[in-house]
Structures are given as structure tokens and as C-alpha cells.
Amino acid sequence: MAIRIVSDSSSDVFRVPDVDYTTVPLKVMFGSKEYVDEAGVDCERMMLDLQNHNGPSTTSCPNLKEWLNAFEGYDEIFGVTISSGLSASYSTAVMAKQEYEAAHPDAKIHIFDSLATGPVLQLIIDKLREGILAGKTFEQIKEETIAYQKSLRILYALASLNNLARNGRVNATVARVVSALNIRIIGDASEDGQVNLLRKCRGERRTINAMVNEMGARGFTGGTVHIDHSINLAGANKLKDAIEEAFPDAKVYIHACGVLCSYYADMSGIIVGYDVA
């Protein structure tokens with residue numbers, strides 16, 4: 001049976017070794033520009049263009065045809081999407097699943113709503129890859145990954161909430177205060193995958209310490225961690241060092257944000273996904 005993992009591009013991962021994997025792109029649009037979230041895009045250029053743009057900006061999810069094209073030719077498919085609380089990507093993927101199954105009655109498809117973005121999708125993909133390489137059945141992989149997802153958590157540290165505010169994800173007044181006071185916001189995801197603001201911090205060191213403390217308070221004792229950064233590799237490395245110092249058994253991986261996650265995390269933002277299994 002031909003098996004494939006398909007994620008939307010909010011995973012920030014465009015290649016997964018040893019398994020058949022592909023992405024379908026989200027997009028960011030403003031003015032006359034459209035940035036398609038795919039490998040090789042200059043996200044720093046996009047962020048600079050956004051800073052120089054005074055008008056509205058929007059995002060769009062992969063369309064039905066893009067999901068169907070990614071499914072074509074495969075008998076067993078696992079889809080992974082950004083939170084349904086942030087995008088229509090999940091609902092579009094489910095529609096594609098229904099249409100594909102109607103045309104291919106023997107096909108098996110399961111769509112995972114990550115209820116998050118970036119690094120949490122990576123953790124789900126890691127688990128799917130592990131099951132595929134172990135030769136487990138579709139049902140075994142699905143059920144084990146559903147159970148694993150319950151242990152996943154997300155945190156983010158943002159120096160700007162402007163793009164989240166433009167798209168109605170956070171209160172515009174809060175976003176203006178963050179910019180005016182030059183503070184960083186630490187947040188997580190609500191149960192339904194919405195953006196949830198937790199606390200304010202001043203300075204990089206305090207922000208990093210607060211994130212490590214939040215991870216411990218949520219049950220992290222040393223597992224897998226993915227850190228995605230928006231034009232902030234130095235900050236991501238400092239956070240990695242702090243996590244490894246506090247939790248010596250942690251396995252920490254760093255990725256650059258793609259187009260969609262760069263847009264929401266904004267300049268210097270960091271997103272962390274981890275498991276508490």
C-alpha cells in the first residue's frame with residue numbers, strides 16, 4: 001500500500017527523511033504581493049516588505065484541489081493541519097478526504113487537527129514517521145498518534161502582535177501596548193486551538209527563563225522539543241541551551257519559520273512545541 005504524510009505548510013518542514021511526505025501551501029497577501037509558503041522563500045524579505053506596508057494583510061489556506069493533488073496516487077494518507085481555530089485548512093482537508101474516499105473506496109485517510117501550529121505539527125509528523133518505519137498498520141499508527149497528540153503542548157514568545165491583531169487573533173489594543181512598551185508576550189493555545197496570552201516579560205533572558213519555567217509547570221521533564229524561530233536563530237539557540245540545562249534528557253531541534261508562521265510570529269518570534277508523555 002502506498003502511504004503518504006501530507007501537512008499544510010504551517011509545519012515549517014518541507015522534507016521528512018525515509019517516508020513519503022509533502023506539503024500544501026498557505027499564503028500571505030498584502031498590497032500587490034503574494035508569498036506562497038514553500039521551501040526556499042525569503043521570509044526575512046517578506047517581513048521587511050510587511051513592515052513597509054501600511055495597508056491590510058491577509059492569509060489563505062490550501063484549497064480543495066491542492067489537498068486532492070497531494071492525496072492522488074496513495075492508498076493510505078495522514079493529513080496534518082494548522083489549528084482549525086486559526087484557519088480553514090482543517091475543514092478543507094476534511095472535504096478533500098471525503099471527496100477522495102468517494103472516488104477511491106479502498107483509500108484510508110485521517111486528518112489531524114493539530115490545534116496549534118509549527119512545532120506541534122512537527123511532533124505529530126515525527127510520530128507518524130515512527131509508526132510507518134516500524135511497519136505498523138494504518139489503524140495502529142492513527143490510534144497511537146491520536147493518543148500521543150494529547151501529550152503535546154505549545155508555547156510562544158512574541159515581540160509583536162501586530163499581524164495577529166490584523167487578522168483578529170488578538171485584541172488590537174493589546175497589540176499596540178506590546179509595541180509601545182517594547183515587551184514580549186508569552187502565550188499558549190486554548191483547548192480549541194485559539195491564541196491564548198499568558199504573561200508579559202521584559203528582556204530576552206527573562207523571557208527564556210519564563211518559557212522554561214512554563215514548560216516545567218506543564219509537566220515537561222525531558223522529551224522532544226521543536227523550536228521554530230522567525231529570523232531569530234540566536235534566540236532559539238539560547239532557549240535550546242536553557243532547556244537542555246534545565247532538562248538534561250531533552251532532545252531539542254531548531255527550525256526556521258516558513259511564510260505563515262513568520263507572518264504570525266513576526267520578527268524575532270519563537271514558537272516551541274514539546275511533549276509531556
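**Two buried loop residues, a helix and the spaces around it**

H53 is found in the loop that runs between α1 (43-51) and β5 (57-60). The model is a predicted one, and H53 is a handy place to start looking at it. With a relative accessibility of 19%, just under the 20% cut-off, H53 counts as buried. Its side chain has a partner too: the side chain of H53 reaches the backbone oxygen of P56 at 2.9 Å.

A second loop residue is worth a look. S160 sits in the loop between β8 and α6 (162-166). Is S160 buried or exposed? S160 counts as buried because its relative accessibility is 10%. Setting aside neighbours within four places in sequence, S160 is in contact with A265 and D266. There is also G269, which is 109 residues away from S160 along the chain, yet the C-alpha atoms of the two are separated by 7.8 Å.

Next comes helix α8, which covers residues 204-217 and has 14 residues. From its first C-alpha to its last, α8 reaches 20 Å, close to the 20 Å expected at 1.5 Å a residue. Which residues of α8 are buried? They are T207, I208, A210, M211, V212, E214 and M215. The cover over these buried residues includes the strands β8 (152-158), β9 (184-189), β10 (195-201), β11 (224-229) and β13 (270-275), along with helix α9 (233-246). After α8 comes G219, which has a positive phi, near 105°.

Now for the empty spaces. The structure holds two cavities of 30 Å³ or more. The largest cavity contains about 240 Å³ of space. It is lined by 20 residues, and the closest to its centre are L86, T117, Y156, V195 and Y264. Three elements, β8, β9 and α10 (259-265), give two or more residues to this lining. Of these, α10 gives the most, with four residues. Sorted by class, the lining of the largest cavity divides into 15 nonpolar, three polar and two charged residues.

The second largest cavity has a volume of about 90 Å³. Its lining is made up of 14 residues, with A157, R184, T207, N232 and I270 lying nearest the centre. Here β8, α8 and α9 are the elements that give two or more residues to the lining. Which element gives the most to the lining of the second largest cavity? That is α8, with four residues. T207, one of the residues nearest the centre of this cavity, is also one of the buried residues of α8. By class, the lining of the second largest cavity has seven nonpolar, five polar and two charged residues.

Pockets, unlike cavities, are open. How much space lies in the largest pocket? The answer is about 270 Å³. The largest pocket is lined by 13 residues, and those lying nearest its centre are L115, L152, R153, A189 and S190. Both β8 and β9 supply at least two residues of this lining, and the largest share, three residues, comes from β8. As for the make-up of the lining, the largest pocket has six nonpolar, three polar and four charged residues.

One strand keeps turning up in this picture. β8 gives residues to the lining of the largest pocket, to that of the largest cavity and to that of the second largest cavity, and β8 is also among the elements covering the buried residues of α8.

Note on methods: Residues are numbered from 1 along each chain as its sequence is written. This is a predicted model: local features need pLDDT of at least 70, side-chain atom pairs count only at pLDDT 80 or more; totals for chains, interfaces and linings use all residues. Side-chain values use heavy atoms; hydrogens and water are left out. The expected span of a helix is 1.5 Å times one less than its number of residues. Buried means under 20% relative accessible area, exposed over 50%, partly exposed in between (1.4 Å probe, protein chains only). Contact means heavy atoms within 4.5 Å. On a 1 Å grid over the protein atoms alone, a cavity is a set of points where a 1.4 Å probe fits but cannot get out, and a pocket is an open set with protein on both sides within 12 Å along at least five of seven lines; lining residues have an atom within 4 Å of a point. Grid points are joined across faces, edges and corners, and a volume is the space filled by probe spheres set on the points. Ala, Val, Leu, Ile, Met, Phe, Trp, Tyr, Cys and Pro count as nonpolar, Asp, Glu, Lys and Arg as charged, and the others, Gly among them, as polar. A polar contact is a pair of N or O atoms within 3.5 Å; within protein, one must be able to donate a hydrogen and the other to accept it, and residues adjacent in sequence count only if both atoms are side-chain atoms.
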